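Good morning, and thank you for coming. Please look at the sequence and the structure on the screen while I speak.

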Amino acid sequence: MTDPTFGSVEARSARTRPQGVSVIVPALNEEVVIGATIRALLISDYSPLEIIVVDDGSSDGTTDVLSRMAFEDPRLTCIRLPLTMGKSHALNEGVAKARHDLIVTVDADTIVDSDFIRAISAPLCEGTADAVAGNIKVGNKGHIITLLQSIEYISSQDLKRAFQSSRQMITTLPGAGSAYRKTDILLAGGFSDVTRAEDTELTLRLGQKDLRLVYCPQAVARTEAPTTLQALFRQRRRWNLGNMQSIGMHIGKLGGLRTGQVAGYLLLFFENFIGPPIQCAALLLAIVALSTSQFLLLPWCYGVITLAYGSAVVATYYRTGEGLRELMWLPLMLFARPLFAIAPYTAALWHYFRRCPAGWHKLDRTGEVALSGVECGQSCDEVTSLASSK
């Protein structure tokens, strides 16, 4: 299926090679982290580059930090919204003001590697893709909760997105680090404000236009993960609810889509509507079987555990470049993940079917990702020095 508005695959491949990148960073009360995020972008090895930060009505010192940095580097543009309009509105404002056709979105708490912009834009510049998902890693691994999330990102999200990319069935281009063409975003209608997962919803719309969505594991960005169970609950509830809303908006549009796209929808549906209770039931059944030595259940339980642990080991071993010390925590992650998932899933399901609004509940930033070094042990002072020399 090819949407005539977006053109054929051959026509899209023949587009003029983009010569510049516009990075859009939506920000709301990000005083603690926004400076390090922007400095990491400014030392990027890509040129020409412009960075547009959309301040979504911040009430802290975010505006002051951005004003000082914009004065020092003309590549940084700050757009101040008088009222908090929401992340989708901020993204759309940034896209509208972008001078370049190649758009990269980065969250305000995300530190990108110096080659991130070049890596994530390469498939677009080469004409082999129309949108690209970056490799999002957890940058603050000093807590047991964030360490388990880091393993989950590597052994689950990273591996899943690589598989989806190979089968042309990507369902989420993460807002923390993805690349698009401005013309495609505008023709698709921009980021929607009727869902808590604006990145997933836009991804589904782009997929319906038969655009080529790929994953680039070399484009690494490190984000700040929740450090408390309450914050993790709120984040995962928002993710679950947003994905449920996105599925509900597009479930009736499966007719005529490619097999891979339909498979992506079904996987997204399973993960958000069916998966969490099945995971919990399997975990409870395994605990019962192992504790009571049930003869009929033991082979099944051992098989499931071996498959889950084995795939996680392989994913962690081959897809992380940060050492293998995380391997020892894999059993705890596999045990804790269903427990982490069931509470936000239940809350999201309640909000979805009762059509009750759920607050965004933005995480309280700690700045640990910036303090731990932007890349290869660089300190914030070193990053500042490098940015100033550009």
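Glu152 and Arg236 are both buried, where buried means under 20% relative accessible area, exposed means over 50%, and partly exposed lies in between, with a 1.4 Å probe and protein chains only. Glu152 forms a salt bridge with Arg236, with the closest N and O atoms 3.0 Å apart. A salt bridge here is a side-chain nitrogen of Lys or Arg within 4 Å of a carboxyl oxygen of Asp or Glu. The pair links distant parts of the chain, 84 residues apart: Glu152 is in helix H6 (residues 144-166) and Arg236 in helix H9 (residues 229-250). Helices (H or I, at least four residues) and strands (E, at least two) are DSSP runs, numbered from the N terminus.

I should say at once that this is a predicted model, in which local features need pLDDT of at least 70, side-chain atom pairs count only at pLDDT 80 or more, and totals for chains, interfaces and linings use all residues. Residues are numbered from 1 along each chain as its sequence is written, and side-chain values use heavy atoms, leaving out hydrogens and water. The pLDDT is the predictor's confidence in each residue, from 0 to 100. Its mean for the chain is 84, and 81% of the residues reach 70 or more.

The structure holds 17 salt bridges. Another one joins Arg99 and Glu50, whose closest N and O atoms are 3.2 Å apart. Arg99 lies in the loop between helix H4 (87-97) and S4, and Glu50 in strand S2 (residues 49-55), so the pair ties together parts that are 49 residues apart in sequence. Is each partner buried or exposed? Arg99 counts as exposed, because its relative accessibility is 61%; Glu50 is buried, because its relative accessible area is 4%.

A further salt bridge connects the side chains of Arg258 and Asp210, at 3.1 Å from N to O. Arg258 lies in the loop between H9 and H10 and Asp210 in the loop between helix H8 (198-208) and strand S8 (213-223), so this pair ties together parts 48 residues apart in sequence. Salt bridges that share partners also join Glu30, Asp109 and Arg365 into one network.

Let us stay with Asp109. Asp109 is found in the loop between S4 and strand S5 (111-112), and is buried, with a relative accessible area of 6%. The C-alpha atoms of Asp109 and Ile38 are separated by 9.7 Å, although the two residues are 71 residues apart along the chain.
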